[in-house]
Amino acid sequence: MSERMTAHALKGAKGHTPLVWITAYDYTQAQLAEEAGVDVILVGDSVGTTVMGYTSTIPVTLDHMVYHATLVRRGAPNTMMVVDLPFLTYTNAQDALKHAGRIMQDTLADAVKLEGGRRVLDAVESLVRHDIPVVGHLGLTPQSVHRLGGYRVQARTRDSIKDLLEDARALTNAGICALVLEGIPDRVAAFVTQEISVPTIGIGAGNQTDGQVLVFHDCVGLSPHLPKFAKPFADARTAILTGLGQYREAVQARTFPDDDHSYHITDKEWQAFWSDITHRSPSPS
Ligand code: KIV
């Protein structure tokens, strides 16, 4: 069992073996992620779409995040856990501190993540000043889906690349311990990675970042539809559907449960019971 990574160690892990991050939302997923040896588990507000069935992350609340993060912490006590601050919980420094403080204390998270650049700098600085490790998130930031006009690749023009770079530098100077780069061209992500001193974690950002993160359901093939950047490394959906279909057939055919999967009592005990209640013998078995 390897040691749980700290925010301090994460910050220093730039330029070494690429960091492996995965999202998880419950005890079982967290156990699997820890057993697989990932570096960091992200309890993402993508729980809203993957688990809760919403079409965006906007309905996700702080209570939802706290609930899911406590399940994950129990399943993966030895893995660094980063928890998302959900929509509108960090619009000013005071709110950010109160809400991130609750996540840290109630879930035993190792760090929080929030979306945005210079516009959330006050919040980031306040958290870092009060010893709460912060992960930044730039590029396609799902909580801004309405402003972005959909889930579109970002930083494709010279001005928007400069903007992203300034945001990345400002967040780094504010003391973040890592930066998630989502949905941006590979060359842009590679350049930002060279320009800042903290690890970049890519999702839909090419393979030159300091690490990668995938949504659990996309990674193991549970999602019915995949974004272009996501590769399923297992086919859990087919495996589960096959198993459920075989279960249905076996129940309908009365081949499940068979003798091996049933409990038994001795003939003697059964005969005794039978004659007690019917005052007859022998029993029909
Ligand atoms: O919520 C989430 O899962 C995320 C990742 C996609 C980076 O923020």
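**Exercise 1. Is Thr23 buried or exposed?**

Work it out from the relative accessible area, then describe the surroundings of Thr23 in this predicted model.

*Solution.*
- Step 1: Find the residue. Thr23 sits in strand β1, which covers residues 19-23.
- Step 2: Check the accessibility. Thr23 has a relative accessible area of 3%, and the cut-off for buried is under 20%. So Thr23 is buried.
- Step 3: List the company it keeps. Skipping neighbours within four places in sequence, Thr23 touches Leu42, Ser46, Val213, Leu214, Val215 and Phe216.
- Step 4: Look for a polar partner. A polar atom of the Thr23 side chain lies 2.8 Å from the backbone nitrogen of Phe216.

**Exercise 2. Work out which residues of helix α6 are buried, and what covers them.**

*Solution.*
- Step 1: Take the helix, residues 121-129, and pick out its buried members: Leu121, Ala123, Val124, Ser126 and Leu127.
- Step 2: Recall the geometry. An α-helix has 3.6 residues a turn, so residues three or four places apart point the same way.
- Step 3: Ask what lies over these residues. The cover includes α5 (93-107), β4 (111-113), β5 (134-139) and α8 (158-174).
- Step 4: Look past the end of the helix. Asp131 follows α6 and has a positive phi, near 65°.

**Exercise 3. Find the nonpolar surface patch and place Leu241 within the fold.**

*Solution.*
- Step 1: Name the members. Ile240, Leu241 and Leu244 make a nonpolar patch of about 290 Å² on the surface.
- Step 2: Place Leu241. This residue belongs to helix α11, residues 236-252.
- Step 3: Check that Leu241 really shows. Its relative accessible area is 53%, and exposed means over 50%, so Leu241 counts as exposed.

**Exercise 4. Hunt for backbone oddities at Leu108, Arg254 and Pro257.**

*Solution.*
- Step 1: Start with Leu108, in the loop between α5 and β4. Leu108 isn't a glycine, yet its phi is positive at about 60°. With 53% relative accessibility, Leu108 is exposed.
- Step 2: Move on to Arg254, in the loop between α11 and α12. Arg254 isn't a glycine either, and its phi is positive at about 55°. Its relative accessible area is 75%, so Arg254 is exposed.
- Step 3: Finish with Pro257, found in the loop between α11 and α12 (267-278). The peptide bond joining Phe256 and Pro257 is cis, with omega about -5°.

**Exercise 5. Compare the overall shape of the protein with a compact globule.**

*Solution.*
- Step 1: Count the elements. The protein has 12 helices and eight strands.
- Step 2: Set up the reference. For 285 residues, a compact globule would come out near 19 Å in radius of gyration, but the protein has 25 Å.
- Step 3: Check the extents. The C-alpha trace spans about 90 × 35 × 35 Å along its principal axes.
- Step 4: Try a pair of residues. Thr6, in the segment before α1 (7-11), is 245 residues from Val251 along the chain, and their C-alpha atoms are 49 Å apart. Thr6 itself is partly exposed, at 42% relative accessibility.
- Step 5: Look at the packing. Buried residues make up 48% of the 285. Among contacts with a separation of 6 or more, 59% link residues 24 or more positions apart.
- Step 6: Close with the surface. The accessible surface is about 15,800 Å², and 54% of that belongs to carbon and sulfur atoms.

Note on methods. Residues numbered from 1 in each chain as written. Predicted model: local features only at pLDDT ≥ 70, side-chain atom pairs only at ≥ 80, totals over all residues. Heavy atoms only, no water. Patch = residues over 30% accessible without salt bridge, like charges linked within 9 Å, V, L, I, M, F, W, Y side chains within 5 Å. Areas by Shrake-Rupley, 256 points an atom, 1.4 Å probe, with all protein chains shown as cover. Salt bridge = Lys/Arg side-chain N within 4 Å of Asp/Glu carboxyl O. Helix = DSSP H or I, 4+ residues; strand = E, 2+ residues; numbered from the N terminus. Buried < 20%, exposed > 50% of the residue type's maximum accessible area, 1.4 Å probe, protein only. Polar contact = N/O pair within 3.5 Å; in protein donor to acceptor, adjacent residues only side chain to side chain. Contact = heavy atoms within 4.5 Å. Rg over C-alpha atoms; globule rule 2.2 N^0.38 Å.
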